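User: I'm new to reading structures, and I'd like to zoom in on one small part. Could you walk me through a single strand and then a helix, step by step?

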Amino acid sequence: MQNSPPSAAPLPALWDRFPSLAGAAFMPTVDRRACAVGPAARLRGGSIGHDATSMRILLTGASGSIGAALAPALIRQGHDVRGFGREPARVTAGIPVIRGDAVTGVGLDEALDGIDVAYFLIHSMEGSDRAGFEARERASAENFVVAAQRAGVRRVVYLGGIVPRRRTLSRHLGSRLEVERVLLAGLPEAVALRASIVIGASSRSFRFMVHLVERMKLLALPAWRENRTQPIDVRDVRAFLLAAATTPQAAGGLSLDIAGPDVLTYGRMIERIADLMLVQRRTLRFGRNVTPIVAPVAARVAGEDPGFIGPLMESLEGDLLPRDEHAAQLLGVRLHSFDRAVERALREWEAAEPLSAR
Ligand SMILES: NC(=O)c1ccc[n+]([C@@H]2O[C@H](COP(=O)([O-])OP(=O)(O)OC[C@H]3O[C@@H](n4cnc5c(N)ncnc54)[C@H](OP(=O)(O)O)[C@@H]3O)[C@@H](O)[C@H]2O)c1
């Protein structure tokens, strides 16, 4: 699959609303997607900037790492929050959960009934038919859009992955982008946020790196160690997700890259994590990317599913940098540094479970 990120559309009105952006050296690259279909506006008189208090919110992916981090903040803001998932017992946020499956569409009508804003945080690369995760992810998004249209839900907030600028998309990132396209095409106020690695105690990609550092005295770093990205603190992701629910910028659809302030290579990121864990690790550097060999071994060491680690590692084979950096200003989010993010995540981790390397 070729990398073909949606083209950027200049947005003159943005300068009026955010004068501080006007002198910036970059062109705004807010992607807007016209509403393809959708019932008449029902929410808050159809206004685009939603009433920030007491909305009826559907949180899909409530049992996942991002959904679980978001739920308490939504509750604190006074919203009426409902979850959706295949096994309600996995949701620990103390919210009512509608049992369902987005791939089959079961439960979506009930879950979306009466909802003001829906979060789409559904993601799964595992299962017996791993070859087909893209089809399942697309089916989930399509079923969701059809059910949301039926329910008159206009705004969905999605968190996907950063799209590399100059290389072929990995299957994982291609699938994340396809979900974004389905949501933006189908719902008039869809907001897609694209992030690289999320640093948080329960974020799977961060946990994978920490487990490798924890369990390996010698770290094998393939050629992708030189590629750069901008990891983001889960607290900042949460702030972006909260702001996206009410931003008046969502009319016609909005796609933003959200990124932390520090640019790091993957190799440097792993070294920093080791430093912040106060452990010393030697590294073995390969000149090539040997993902098919390294991924299953790394998955086994970290106690992870190879069906998750393989596609994740394929996504590292090039820079993963944001299109621009104006999302923080647009949505009013102050960013934490990489070191602060890791320190906080490790602290939270150790409060709940031991880290054997320390
Ligand atoms: N974590 C990161 O580092 C990171 C980085 C960038 C972007 N993101 C994006 O953030 C989003 C959420 O990621 P995450 O890390 O929170 O994922 P996660 O921890 O793996 O959680 C995935 C969620 O999807 C739900 N789900 C999977 N299949 C489903 C189905 N058929 N029907 C209903 N629910 C289903 C799961 O719920 P049940 O299993 O309980 O049904 C689970 O709550 C994803 O779009 C991901 O691309 C994450």
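Analyst: Let's begin with one pairing: V191 has L254 in strand β11 as its bridge partner. Keep in mind that this is a predicted model. That pair belongs to a longer match, since β6 (residues 191–195) and β11 run in the parallel sense and pair over 5 bridges.

Now look at β11 itself, which covers residues 254–258. In a regular strand, side chains alternate between the two faces of the sheet. You can follow that here: L254, L256 and I258 point one way, while S255 and D257 point the other way. Are these residues buried or exposed? Both sets are buried, and the count for the strand is 5 of 5 residues.

Next, hop over to helix α9, residues 291–302. Its 12 residues reach 15 Å from the first C-alpha to the last, close to the 16 Å expected at 1.5 Å a residue. The buried residues in α9 are T291, A295, A298, A299 and A302. Seen down the helix axis, they fall within an arc of 105°, so they line one face of α9. The spacing makes sense: an α-helix has 3.6 residues a turn, so residues three or four places apart point the same way.

What covers that buried side? The cover includes α6 (204–215) and α10 (306–314). Turned away from it is the face of α9 that carries I293 and R300, both exposed. Finally, just after α9 ends, G303 takes a positive phi of about 70°.

How values were computed
Residues numbered from 1 in each chain as written. Predicted model: local features only at pLDDT ≥ 70, side-chain atom pairs only at ≥ 80, totals over all residues. Buried ≥ 20, exposed ≤ 12 C-beta atoms within 10 Å, placed from the backbone. Helix = DSSP H or I, 4+ residues; strand = E, 2+ residues; numbered from the N terminus. Pairing = 2+ DSSP bridges. Expected span 1.5 Å × (residues − 1). Arc of directions from axis to C-beta. Contact = placed C-beta atoms within 7 Å.
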